[in-house]
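Here is a walk through one protein model, written for someone who would rather look at residues than at software output. Keep the viewer open as you read.

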Amino acid sequence: MAARKGRRRTCETGEPMEAESGDTSSEGPAQVYLPGRGPPLREGEELVMDEEAYVLYHRAQTGAPCLSFDIVRDHLGDNRTELPLTLYLCAGTQAESAQSNRLMILRMHNLHGTKPPPSEGSDEEEEEGEEDEEERKPQLELAMLPHYGGINRVRVSWLGEEPVAGVWSEKGQVEVFALRRLLQVVEDPQALAAFLRDEQAQMKPIFSFAGHMGEGFALDWSPRVPGRLLTGDCQKNIHLWTPTDGGSWHVDQRPFVGHTRSVEDLQWSPTENTVFASCSADASIRIWDIRAAPSKACMLTTATAHDGDVNVISWSRREPFLLSGGDDGALKIWDLRQFKSGSPVATFKQHVAPVTSVEWHPQDSGVFAASGADHQITQWDLAVERDPEAGDVEADPGLADLPQQLLFVHQGETELKELHWHPQCPGLLVSTALSGFTVFRTISV
């Protein structure tokens, strides 16, 4: 495969990138730092971000950390690249006490690109620069409602004109919340203050299901049938939710049978209304068809997809590919036309700890991103091959054994949990970690 025109392969890590010595007397050139490859940081060395590797980079805190979030599609248009950007997230907290948790809508706006390097000039220019810096400050508004129990996973869908969030609680129930009111008040400070004062405490889920008999993490809305939902629990069971007239759901009490341990993730097929995939701590990936009875619905199985738990999967919207990440740190790509073979068509090993999130790029069929418990976010492109004329390998021989398809390594977060590409802002990634939210776009995608 030829290298894609215009794609820049960044072997340097993103944030932070270079190891610099605090001892100026023996200071050498900055070096690329990659966890698990090459020497560890020495005393006096620190990691420094390479701002030139980012088109846009912002961080945000919400108090208690969020284990999961989703991006809310908005009415501001598709293919947005003009800065500053505005985006909306729905997230749930994992607070220290059950009653301290919140389900929230985040409105992030005035998101400008990375700052251009300062130029030497007059005092007047410096004052203009300070004013410009004030105008470029990113803004964050939060509209929250109380939620008893930590939130394991959040997924958003639109039911016609009504945005809703499916929420998996550590208390063992799955709830559906209407988001319209939160999205309205987050736009207006006065309305938000009135909401927090008068309405917040009365907001309740529009539907709740406690039939899982324990907590879980797996949850996915159908992209093809509005309101159709799958939920999977730590007891190995998967339940199908079917929307009913009047804005409610019928949850089939008969679980889909097949997995022998916790169901970790679920993904509906983007092309077939009745087909979905699941992955489990039993190391398997399974393909199901809901037209069959739940006890007979498993159609295809790869019993040992990873060496250990399979944590996350993502079904490509553009190719017949399933992407998986496991406790073994491996990323694997499965061609569903060859799934019976039990062998992935590609395996990548860059992460040195369990993979916590994977997602295909919504527009670019060969591009995907992954996050890991090694505090790395990696960006990949299946269409890239190393340029023999590029000087990165000669400049740092330690990069020679990196996978050719690895575009970018982003660091600087602590305990990364989940990431999502923004479906309406090409190349924009959002992640959540113990250290907070990060919104960024790299020069590579």
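What follows goes from the whole chain to one sheet, then to the core, a buried leucine and the aromatic rings.

**The whole chain**

First, a caution: this is a predicted model. The protein has 445 residues, and 53% of them are buried. Strands dominate the element list in number, with 31 strands and four helices. If you take the contacts in the protein with a separation of 6 or more, residues 24 or more positions apart account for 60% of them. On the outside, the protein exposes about 20,100 Å², and carbon and sulfur atoms supply 47% of that area.

**A four-stranded sheet**

Now pick out one open sheet, built from four strands in the order β9-β10-β11-β12 with antiparallel pairing. At its edges sit β9 (151-159) and β12 (207-209), each of which pairs on one side only. On average, neighbouring strands here are turned by 20° against each other, ignoring direction. In general, strands of a sheet pair through backbone hydrogen bonds.

How many bridges join β9 to β10? Eight of them do, with β10 covering residues 162-169 and the two strands running antiparallel. To see the register for yourself, find W158, which stands opposite P163 in β10.

**The largest nonpolar core**

The sheet leads on to the core. The largest nonpolar core has 20 residues, and those with the most contacts inside it are V72, C90, L103, I105, A165, L179 and L182. Several elements give two or more residues to this core, among them β9 and β10 from the sheet above, the strands β6 (85-93), β7 (102-111) and β8 (139-146), and the helices α2 (180-185) and α3 (189-198).

L182 is a handy place to zoom in. Leaving aside residues up to four places away in sequence, L182 touches I105, A143, M144, L145 and F195.

**A leucine with no exposed area**

Is L229 buried or exposed? It has a relative accessible area of 0%, so L229 counts as buried. This leucine lies in strand β14 (residues 229-233). Once residues up to four places away in sequence are set aside, L229 touches L219, D220, W221, H239, L240, W241 and W268. One of those partners, H239, is 10 residues away in sequence, and the C-alpha atoms of the two are 8.4 Å apart.

**Aromatic rings**

Two of the tryptophans touching L229, W221 and W241, turn up again in an aromatic cluster with F207, F209 and W249.

Across the whole structure, a search finds 19 aromatic pairs. Two edge-to-face examples are set out here.

| Pair | Centre to centre | Angle between planes |
|---|---|---|
| F69 and F437 | 5.5 Å | 85° |
| F256 and F276 | 5.3 Å | 75° |

The F69 and F437 pair links distant parts of the chain: F69 is in strand β5 (residues 66-71) and F437 in strand β31 (residues 436-442), 368 residues apart. F69 is buried because its relative accessibility is 0%. F437 has a relative accessible area of 1%, so it is buried too.

The other pair also links distant parts of the chain, with F256 and F276 20 residues apart. F256 sits in the loop between β16 (248-251) and β17 (263-268), whereas F276 belongs to strand β18 (residues 275-280). Both F256 and F276 are buried.

Definitions and conventions: Residues are numbered from 1 along each chain as its sequence is written. This is a predicted model: local features need pLDDT of at least 70, side-chain atom pairs count only at pLDDT 80 or more; totals for chains, interfaces and linings use all residues. Side-chain values use heavy atoms; hydrogens and water are left out. Two strands pair if DSSP finds at least two bridges between them. Axes are lines fitted to C-alpha atoms, for helices over the stretch in contact, and angles run from 0 to 180 degrees between N-to-C directions. Buried means under 20% relative accessible area, exposed over 50%, partly exposed in between (1.4 Å probe, protein chains only). Contact means heavy atoms within 4.5 Å. A nonpolar core is a set of buried Ala, Val, Leu, Ile, Met, Phe, Trp, Tyr and Cys residues joined through side-chain atoms within 4.5 Å. Accessible areas come from the Shrake-Rupley method with a 1.4 Å probe; for residues, only the protein chains shown count as cover. Rings of Phe, Tyr and Trp (its six-membered ring) pair if their centres lie within 6.5 Å; planes under 30 degrees apart count as stacked, over 60 as edge-to-face and the rest as tilted.
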